[in-house]
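User: Could you take me through one part of this structure up close? I'd like to see how the pieces there fit together.

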Amino acid sequence: MKIMKFGGTSVGTPQRMKEVTSLVTKSGNPVFVVLSAMSGTTNSLVEISDYLYKKNPDGANEVINRLEEKYMKHVEELYSTDEMKQQTRDFLKDEFNYLRSFTKEIFTSFEEKSIVAQGEMMSTNMVTNYMKELGVKVTLLNALDFMRTDKNAEPDPVYIKEKLTAKMEENQGQQVYITQGFICRNAYGEVDNLQRGGSDYTASLIGAALDAEEIQIWTDIDGMHNNDPRVVDKTSPVHQLHFEEAAELAYFGAKILHPTCIQPAKYAGIPVRLLNTMDPDAEGTTISNQTEYGKIKAVAAKDNIIAIKIKSSRMLLATGFLRKVFEIFESYQTPIDMVCTSEVGVSMSIDNSAHLGEIVDELKKYGTVTVDTGMCVICVVGDLDWSNIGFETRVLDAMKNIPVRMISYGGSNYNISFLIREEDKKRALQSLSTNLFTD
């Protein structure tokens, strides 16, 4: 069985919902479909929650009424039979009355998560009803019945597999199984969400639980590109990536995929394909545990980076120095992107400035601290094993006219990273494209 996940833009209008249905039913084989909320809906639900936090029920009701009007118009466009129109109107009316019920009670983060979950509830019900109208054998499985996180807010794969397998056995013989992405219950049974990776994470977890043949992530672009198309001209899709390569690109700026969301597929050995709903016949990008040897694949960039250097003569031969430095970042829950060390100092980069002042104050106990803001990490990804003689030279040659603050190489077989000024980013990305990807 294949898992097919469609994002908010892919189900953003009645016409898009019809196109998704056509894609899903095209092969005639059983498929498992994961849907996000219609584009713009989650933002509206967050806005409703914001008004309720501020104890402004009138503002919340105004947004609810606007959203309800929009959905009721979609009903007229999506369905052709009066019976299905009425059935969907009744469902949506209950949904919006449920949202209004929150304007009369105490409002906390628990209620907010219940409100935000309704976007996926509405999109999955609408698409399921449309498929039923067409005569498709389809069943809607509620993600809240099987998708759960543990006490550490991490997905519980044993629970998910057990509950989902039971649900599939109860609903055998269907052509299409549909569920909500992003939403789940936590270890205490409360409505929650997967946060990182959202619906992509749901699709990957379901794929691993069902031992799927393939997980397809459908978006509005044709896979991962070899550079940032917003900055560089003439980029092209990368057709094959190793899971590690995809994770590096996702972490360092390729927004199409969150680095966490494909981990369940990686561990289960299930390939993930990134495909384009606007161009279904495009090859897209396949991510798997297969390495394509001897190739540099792609470049990504991550902005708003801060470089911190701590210099200390006491560091020379001092055991425990790095541990003390890293513990400071850990105590403020601030991840480090890059690290470079010398005999008398260590440089690090971070992308979270929330506790920068406190971190710098703590670091000053151990040495002289310098901070550089407005930086950018450029990440070059491919088969960059150290035995591939000359590969790092090609990358460095492309960067020869760019001032480089830090270089990280050797921590991974798939990545060389450069820390540069943001103002040099476009020039660096263009030079890398010209030197690495132009025939």
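Analyst: Let's start with strand E14 (residues 368-382) and strand E16 (residues 415-421), which pair in the antiparallel sense over 7 bridges. Keep in mind that this is a predicted model. If you want one pair to look for, try Cys376, whose bridge partner in E16 is Ile420.

E14 has another partner too: strand E11 (residues 296-311) runs antiparallel to E14, and 12 bridges join them. Here you can pick out Ile308, which stands opposite Val371 in E14.

Now find Lys425, which sits in helix H14. Is Lys425 buried or exposed? Its relative accessible area is 14%, and buried means under 20%, so Lys425 counts as buried. And what does Lys425 touch, leaving aside its neighbours within four places in sequence? The list is Val231, Ala301, Asp303, Cys376, Ile378 and Ile420. You've already met two of those names: Cys376 and Ile420 are the bridge partners from E14 and E16.

H14 (residues 425-437) also packs against another helix, H13 (residues 391-398), at an angle of about 140°, with the axes 8 Å apart. That angle makes H13 oblique to H14, and their crossing is right-handed. On the H13 side, the residues involved are Arg394, Val395, Asp397 and Ala398, and they meet Ser431, Leu432, Asn435 and Leu436 in H14. Sorted by class, that contact has 4 nonpolar, 2 polar and 2 charged residues.

How values were computed:
Residues are numbered from 1 along each chain as its sequence is written. This is a predicted model: local features need pLDDT of at least 70, side-chain atom pairs count only at pLDDT 80 or more; totals for chains, interfaces and linings use all residues. Side-chain values use heavy atoms; hydrogens and water are left out. Two strands pair if DSSP finds at least two bridges between them. Helices (H or I, at least four residues) and strands (E, at least two) are DSSP runs, numbered from the N terminus. Axes are lines fitted to C-alpha atoms, for helices over the stretch in contact, and angles run from 0 to 180 degrees between N-to-C directions. Angles under 35 degrees count as roughly parallel, over 145 as roughly antiparallel, 65 to 115 as roughly perpendicular and the rest as oblique. A crossing is left-handed if the near helix is turned anticlockwise from the far one by less than a right angle, and right-handed if clockwise. Contact means heavy atoms within 4.5 Å. Ala, Val, Leu, Ile, Met, Phe, Trp, Tyr, Cys and Pro count as nonpolar, Asp, Glu, Lys and Arg as charged, and the others, Gly among them, as polar. Buried means under 20% relative accessible area, exposed over 50%, partly exposed in between (1.4 Å probe, protein chains only).
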